[in-house]
Structure formats: structure tokens, C-alpha cells
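Good morning, colleagues. Please look at the structure on the screen while I describe its interior.

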Amino acid sequence: MDEGLEYRQKRIEEYRRTTVPLLRYLPWLEKNAGQPGSTLYQGEEGSGNALSFPVYDSTLMSFVKEAGASPLMYRNYSYVYTRNGIRTHEDERKIIASAELKDWDMLRGILSKYVLGGRTKGSLWSEAVKENIFCLVLKQMQKIIEYWDKPLDIR
């Protein structure tokens, strides 16, 4: 019994160490929920053959860079989606809202889909901000850590 408690405390400490640095982006993510997180640059006026591309907010880019380098990334995130039958943003939100300590890897998988997937399909980063996925995942991770340990001081 004592061994189980010690193991859980080690896991919570690891989760705390990997999650806390990303929580500083929560205010920005909350403020920009429902917003695209990027604008479309279309080039010079009157240039009919200019290529348009997204220009991301610097805070979003910092978050994506930091999250992408963290141990929270789960390269096999597609398995989380197939194993749990996740197909829509509503499915993601339901799983995030009901996630517990044992579901930590599901949260990692959802976060990873948008962070890692956005490297090849840039619209995923904007989609995650607009659909509030980044914010919800971080809040649920914070809630799980605080439930099993103590409140986090993220200021």
C-alpha cells in the first residue's frame, strides 16, 4: 500500500514539473478562446499571384515551441484518438472534462495532436486556440495535479 502511494506521488511530481511551465500561457489561451490565433497575410495589394499564409501570434508560437519540447508530447497520439473513438471537437472536450489521473496519457495525446500535428498542418494550432482545446487540456492537467497534491502557484 505504501509503495502505491510513493509511486503516485512520484508521478504527480513528474506531472507537476512538466506542466507548470506551460500554465503561464493559460491567461492568453483563455483570452483568445474562440479566436483564430493567426491572421492571413496576403501579400501586396494588387499582386494577383501572391501566396497567402498564416501569421501566428507570438505567444501562440512560444507556447507551441515550449510544449513541443516538453515531455508531455506523445508521438503516438493517433492511437489515443482511435482507441477512444475521438472524431470531433465535442468528443475531445468530453474526454478532457472527464479525465482523471489515470487518463493523463489521453490528455497528452490530445495536446500532442495539435502541437505536433501543427508542424505539418499549420491550421491545427489556430484550430486548437479557436476550439479552446489547448486551454481545456492545461486546465484539466492543473486540476488533476491540484487534486492529488496541492494548489499550484503559477504566478
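I shall begin with the basis of the model, then turn to the core, one helix pair and one residue.

This is a predicted model, in which local features need pLDDT of at least 70 and side-chain atom pairs count only at pLDDT 80 or more, while totals for chains, interfaces and linings use all residues. Residues are numbered from 1 along each chain as its sequence is written, and side-chain values use heavy atoms, with hydrogens and water left out.

The largest nonpolar core has 43 residues. By nonpolar core I mean a set of buried Ala, Val, Leu, Ile, Met, Phe, Trp, Tyr and Cys residues joined through side-chain atoms within 4.5 Å; buried means under 20% relative accessible area, with a 1.4 Å probe and protein chains only. Leu29, Phe63, Ile110 and Phe134 touch the most other members. Setting aside residues up to four places away in sequence, Phe63 touches Leu22, Tyr25, Leu29, Leu111, Phe134 and Leu138 (contact being heavy atoms within 4.5 Å).

Next, the helix pair. H6 and H8 (helices being DSSP runs of H or I, at least four residues, numbered from the N terminus) pack at about 155°, with axes 10 Å apart. They are therefore roughly antiparallel, the term for angles over 145 degrees. Among the residues making this contact are Trp104, Ile110 and Leu111 of H6 and Phe134, Met141 and Ile145 of H8. By class, the contact has twelve nonpolar, one polar and one charged residues.

Finally, is Thr19, in helix H1, buried or exposed? Thr19 is buried, with a relative accessible area of 0%. Beyond its neighbours within four places in sequence, Thr19 contacts Leu72, Trp104, Met141 and Ile145.

How values were computed
Buried < 20%, exposed > 50% of the residue type's maximum accessible area, 1.4 Å probe, protein only. Axes fitted to C-alpha atoms, helices over the stretch in contact; angles between N-to-C directions. Helix = DSSP H or I, 4+ residues; strand = E, 2+ residues; numbered from the N terminus. Parallel < 35°, antiparallel > 145°, perpendicular 65-115°, else oblique. Nonpolar A, V, L, I, M, F, W, Y, C, P; charged D, E, K, R; others polar.
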